[in-house]
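Load the model in your viewer and get a selection box ready. We'll hop from one spot to the next, and at each stop I'll say what to pick and what is there.

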Amino acid sequence: MKYIGLIDLGSHEISLSIVNVTAKKQYSLLEKLSRTLAMGADTYSKSRVSLDKIKELGEIFSDFSLKLKEYPGIEVLAFAESAIREAENRSYVLDYLKFLSGIDVKVLSNNEQVLYQLYSYYDSIEDFDRYIQEGAMFVDLGAGSVQFSLFLEGKLVSTQNMRLGSLRLNAVLEELEERSLNFQEYLLEYIWGDLTYFQKFEGRLRKVKHLFLSGENLTYIRALSHKSASDFATLNRQDLNKILEDLSDRSYDYLVRTEHIPEEHARLILPTALLLREVFRFTGREEAYLPDSPLDKGVFLRHFAKTYPALAGRDWSQDQIDLSRNLAKRYEAEEKHCQQVEFLSLELFDALKKRLRLRPQDRHYLQLAAILHNVGKFINIVSEDRRSYDVVRSLEIPGLSPEELYFIALVIYFHESDNRQRPEIESNLAPDRQLAMDKLCCLLGLANAMDTSHQQKIKKIKLDEKQGRMRLALYSKEDISLELWKLSKEQCFFQEVFSTELEILTRPYKA
């Protein structure tokens with residue numbers, strides 16, 4: 001038996017969950033403690049967590065530490081969301097918590113947080129695969145931001161973070177309330193101004209059959225409809241509109257006294273409900289599901305999936321590939337060329353696997369780099385590689401940390417020989433990762449050179465080593481003189497990195 005403690009530093013609430021893991025790899029939630037602390041109210045308005053909030057957070061951590069001591073040998077996973085992530089003084093806050101409790105807190109990037117949330121959805125929703133095959137939108141309503149993830153035909157086609165969280169919207173609402181009696185209408189316009197981003201997906205949104213919502217305030221909003229407990233896992237548009245009508249005539253005190261909603265949450269009900277109204281509007285759905293899918297469950301599942309892959313339940317790396325291909329289309333990358341470079345890159349990697357001696361995930365990074373290697377051409381053809389580097393570093397791909405996106409972006413930038421000779425940017429990788437990056441640059445550079453004409457002339461390749469020399473055989477029915485010229489420029493870098501001569505041969509292709 002093993003105990004896991006999960007501490008979630010959210011923007012509006014701090015929680016501790018104690019999970020029990022059995023020898024049979026089964027798990028159960030033993031207890032959960034939570035405290036309301038609106039750290040995000042400081043961060044989103046002042047870019048810092050105030051001293052008062054830090055002290056209060058320290059007291060909560062001290063209490064949690066006492067609870068953790070009740071479970072011998074417990075493993076603690078502590079993580080922070082956007083209120084800490086966006087705070088300029090976050091390193092001081094984390095150092096203070098470490099001093100008080102001895103607990104290290106990991107600050108999640110938004111991409112990591114999205115993947116953990118998807119893990120939680122997958123575990124919480126029966127028939128998850130069927131829903132995403134039919135078309136599903138997942139909306140995570142946080143205090144700091146809202147995350148939209150769209151699945152069609154079983155593939156992740158889009159994910160987008162927007163700063164429309166309940167705390168941020170409440171701050172806007174309070175300002176508008178001072179200026180006009182029509183403050184609700186103005187807030188709706190404010191929300192819709194951001195959601196118009198999804199108009200470009202109008203055709204895809206018509207294919208959405210299922211809408212899933214998660215977030216701290218949904219329980220309170222759903223309770224305001226006074227539906228039976230058996231119907232508690234859904235929220236429909238008609239009920240939401242009725243709730244909004246009632247809210248317009250009721251004060252926050254009424255919600256606290258009569259509906260028994262905690263005061264800290266009562267002020268966030270209206271902005272959250274208004275946002276939900278617009279979500280129903282742009283998705284065209286009449287009903288949404290409210291699965292019990294807390295973020296800490298996803299963190300737990302992701303952590304143990306590394307030891308017990310079955311807990312992952314799904315190959316999330318394939319979702320990263322699917323999304324990258326959709327992002328490449330959005331940037332109008334040449335699809336057939338990218339597919340050819342992806343195919344050739346992976347063929348080279350697999351042929352050189354023993355010689356490369358890289359991490360298993362480096363093959364995945366190479367594949368993503370190949371898919372996204374010329375997205376920058378959409379912005380500027382002349383500086384395509386630099387623009388591709390900039391785009392990739394800013395992408396939202398669930399599960400990829402900023403460090404991983406940086407690594408992939410460097411592979412894309414330095415795969416071109418001209419950029420290695422006259423670089424505009426510098427690599428800050430550790431020596432071992434610099435070597436890994438150089439090796440992947442070799443492979444991507446060769447693969448890209450093999451389709452210089454963008455006509456996919458090379459149908460097959462074979463790479464082997466004989467008598468201390470690498471031989472790369474290219475099989476084609478067509479004239480590949482242009483490709484051979486470009487390969488000669490990449491040949492030297494390959495020989496330098498691998499300290500082995502590379503001979504390039506041509507062979508006739510027979511289907």
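Start by selecting Glu503 and Arg469 and showing their side chains: the two meet in a salt bridge, 3.2 Å from N to O. A salt bridge here is a side-chain nitrogen of Lys or Arg within 4 Å of a carboxyl oxygen of Asp or Glu. The pair ties together distant parts of the chain, with Glu503 in strand S14 (residues 501-508) and Arg469 in strand S13 (residues 469-476), 34 residues apart. Helices (H or I, at least four residues) and strands (E, at least two) are DSSP runs, numbered from the N terminus.

Buried or partly exposed: which is Glu503? Glu503 counts as partly exposed because its relative accessibility is 25%, and Arg469 is partly exposed too, at 32%. The cut-offs are under 20% relative accessible area for buried, over 50% for exposed, and partly exposed in between, using a 1.4 Å probe and protein chains only.

Before moving on, a word on what you are looking at. This is a predicted model, where local features need pLDDT of at least 70 and side-chain atom pairs count only at pLDDT 80 or more, while totals for chains, interfaces and linings use all residues. Residues are numbered from 1 along each chain as its sequence is written, and side-chain values use heavy atoms, with hydrogens and water left out.

**The sheet around that pair**

Now switch to cartoon and select S12, S13 and S14. These three strands make an open sheet in the order S12-S13-S14, with mixed pairing. S12 and S14 are the edge strands, each pairing on one side only. From one strand to the next the twist averages 20°. Two strands pair if DSSP finds at least two bridges between them; S13 and S14 run parallel and are joined by eight. To see the register, pick Arg469 again: Glu501 in S14 stands opposite.

Add helix H16, which packs on the sheet and touches S12 and S13, its direction making about 20° with that of S12. Then add helix H23 (residues 481-498), which packs on the sheet against S13 and S14, with its direction at about 150° to that of S14. Axes are lines fitted to C-alpha atoms, for helices over the stretch in contact, and angles run from 0 to 180 degrees between N-to-C directions. Contact means heavy atoms within 4.5 Å.

**More salt bridges**

How many salt bridges does the structure hold? There are 34. One of them joins Arg355 and Glu465, at 3.3 Å from N to O. Arg355 sits in helix H17 (residues 353-356) and Glu465 in strand S12, 110 residues apart. Arg355 is partly exposed at 27% relative accessibility, as is Glu465 at 43%.

Next, jump to Arg35 and Asp63, whose closest N and O atoms are 2.7 Å apart in a salt bridge. Here Arg35 belongs to strand S3 (residues 27-36) and Asp63 to helix H2 (residues 51-68), 28 residues apart. For a group instead of a pair, select Arg386, Arg387, Asp390 and Glu424, which are linked in a network of salt bridges.

**A covered strand**

Go to strand S6 (residues 136-141), where six of six residues are buried. In a regular strand, side chains alternate between the two faces of the sheet. Colour Ala136, Phe138 and Asp140 for one side and Met137, Val139 and Leu141 for the other: both faces are covered. S6 pairs antiparallel with strand S7 (residues 146-152) over six bridges, and the two form a hairpin with four residues between them. Look for Met137 opposite Leu150 in S7. S6 also runs parallel to strand S9 (residues 210-215), joined by six bridges, with Val139 opposite Leu213 in S9.

**Loop stops**

Select Gln456, in the loop between helix H22 (431-449) and strand S12 (458-466). Gln456 counts as buried because its relative accessibility is 16%. A polar atom of its side chain lies 3.1 Å from the backbone oxygen of His454. Beyond neighbours within four places in sequence, Gln456 touches Lys336, His337, Gln340 and Asp451.

Finish with Glu332, in the loop between helix H15 (316-330) and helix H16 (335-351). Its phi is near 55°, a positive value in a residue other than glycine, and Glu332 is exposed at 61% relative accessibility.

Methods
A polar contact is a pair of N or O atoms within 3.5 Å; within protein, one must be able to donate a hydrogen and the other to accept it, and residues adjacent in sequence count only if both atoms are side-chain atoms.
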